[in-house]
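The exercises below are meant to be worked with the sequence and the structure side by side. Try each task before reading the solution that follows.

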Amino acid sequence: GYSDQIWKSILPEKVPLAHDVDFEDICARYSMTGGNIKNAIFRACAKAVLRPESERKVRHADFIHAIELDYHIKRKNNIGF
């Protein structure tokens, strides 16, 4: 779909992805702007780089964790507004 193409266009080509990454699933579950996608990619990559070198591929769960963290931060900052 169109949304998963946005992910693929923002994601640097050199980022190693695990076989389980499914951008269509992510797009079906979350409505995100380009800025949100960039944040999620950055956080997911940061998590992956902390793993041992042989396991440094970005996993589907890394993206989900990054997105959920972003949503949590937004909810926390919007309380009372």
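A salt bridge is counted here when a side-chain nitrogen of Lys or Arg lies within 4 Å of a carboxyl oxygen of Asp or Glu. The structure shown is a predicted model, and a search through the whole of it with this criterion finds five salt bridges.

**Exercise 1. Salt bridges within a helix**

Task: Establish how far apart the closest N and O atoms are in the salt bridge of Asp4 with Lys8, and do the same for Asp25 with Arg29.

Solution. Begin with the general idea that side chains of opposite charge can pair when their charged atoms come close. For Asp4 and Lys8, the closest N and O atoms are 3.6 Å apart, and the two residues form a salt bridge. Next, place the pair in the chain: both residues belong to helix H1, which covers residues 2-10, and because they are four residues apart there, about one helical turn separates them. Then consider the surroundings of each partner, where Asp4 is buried with a relative accessible area of 4%, whereas Lys8, at 46%, counts as partly exposed.

Asp25 and Arg29 can be treated in the same steps. Their closest N and O atoms lie 3.3 Å apart in a salt bridge, and, being four residues apart in helix H2, they are also separated by about one helical turn. Here Asp25 is partly exposed, with a relative accessible area of 25%, and Arg29 is partly exposed as well, with 47%.

**Exercise 2. A salt bridge between helices**

Task: Determine which parts of the chain are linked by the pair of Asp70 and Arg43.

Solution. First confirm the pair itself: the side chains of Asp70 and Arg43 meet in a salt bridge, at 3.4 Å from N to O. Asp70 is in helix H4 and Arg43 in helix H3, 27 residues apart, so that this pair links distant parts of the chain. Finally, look at accessibility: Asp70 counts as buried at 7%, while Arg43 is partly exposed at 28%.

**Exercise 3. The nonpolar core**

Task: Find out which helices each supply at least two residues of the largest nonpolar core, and which residues Met32 is in contact with beyond its sequence neighbours.

Solution. The core in question has 18 residues, and those with the most contacts inside it are Trp7, Phe23, Ile26, Met32, Phe63 and Ile67. At least two of its residues come from each of helix H2 (23-29), helix H3 (34-49) and helix H4 (60-77), and the largest share, five residues, comes from H3. Turning to Met32, and leaving aside neighbours within four places in sequence, one finds that Met32 is in contact with Trp7, Ile37, Ala40, Ile67 and Tyr71.

**Exercise 4. Aromatic pairs**

Task: Decide whether the pair of Tyr30 and Tyr71 is stacked or edge-to-face.

Solution. A search of the whole structure finds four aromatic pairs. In the pair of Tyr30 and Tyr71, the ring centres are 5.5 Å apart and the planes stand at 90 degrees, which makes the pair edge-to-face. Tyr30 lies in the loop between H2 and H3 and Tyr71 in helix H4, so the pair ties together parts that are 41 residues apart in sequence. As for accessibility, Tyr30 counts as buried at 10%, whereas Tyr71 counts as partly exposed at 24%. Elsewhere, ring pairs link Trp7, Phe23 and Phe63 into a cluster.

**Exercise 5. Cysteines and a buried valine**

Task: Explain why Cys27 and Cys45 are not joined by a bond, and then describe what Val58 touches.

Solution. The structure holds zero disulfides. The cysteine sulfur closest to that of Cys27 belongs to Cys45 and is 16 Å away, which is too far for a bond, since a disulfide requires sulfur atoms within 2.5 Å. Both cysteines are partly exposed, Cys27 at 22% and Cys45 at 23%.

Val58 is found in the loop between H3 and H4, and at 2% relative accessibility it counts as buried. Leaving out residues up to four places away in sequence, Val58 touches ten residues' worth of listed partners, among them Val15, Pro16, Leu17, Cys45 and Phe63. Cys27, by contrast, is 31 residues from Val58 along the chain, and the C-alpha atoms of the two are separated by 17 Å.

Terms used:
Residues numbered from 1 in each chain as written. Predicted model: local features only at pLDDT ≥ 70, side-chain atom pairs only at ≥ 80, totals over all residues. Heavy atoms only, no water. Core = buried A, V, L, I, M, F, W, Y, C linked by side-chain atoms within 4.5 Å. Buried < 20%, exposed > 50% of the residue type's maximum accessible area, 1.4 Å probe, protein only. Contact = heavy atoms within 4.5 Å. Phe/Tyr/Trp six-rings, centres within 6.5 Å; stacked < 30°, edge-to-face > 60°.
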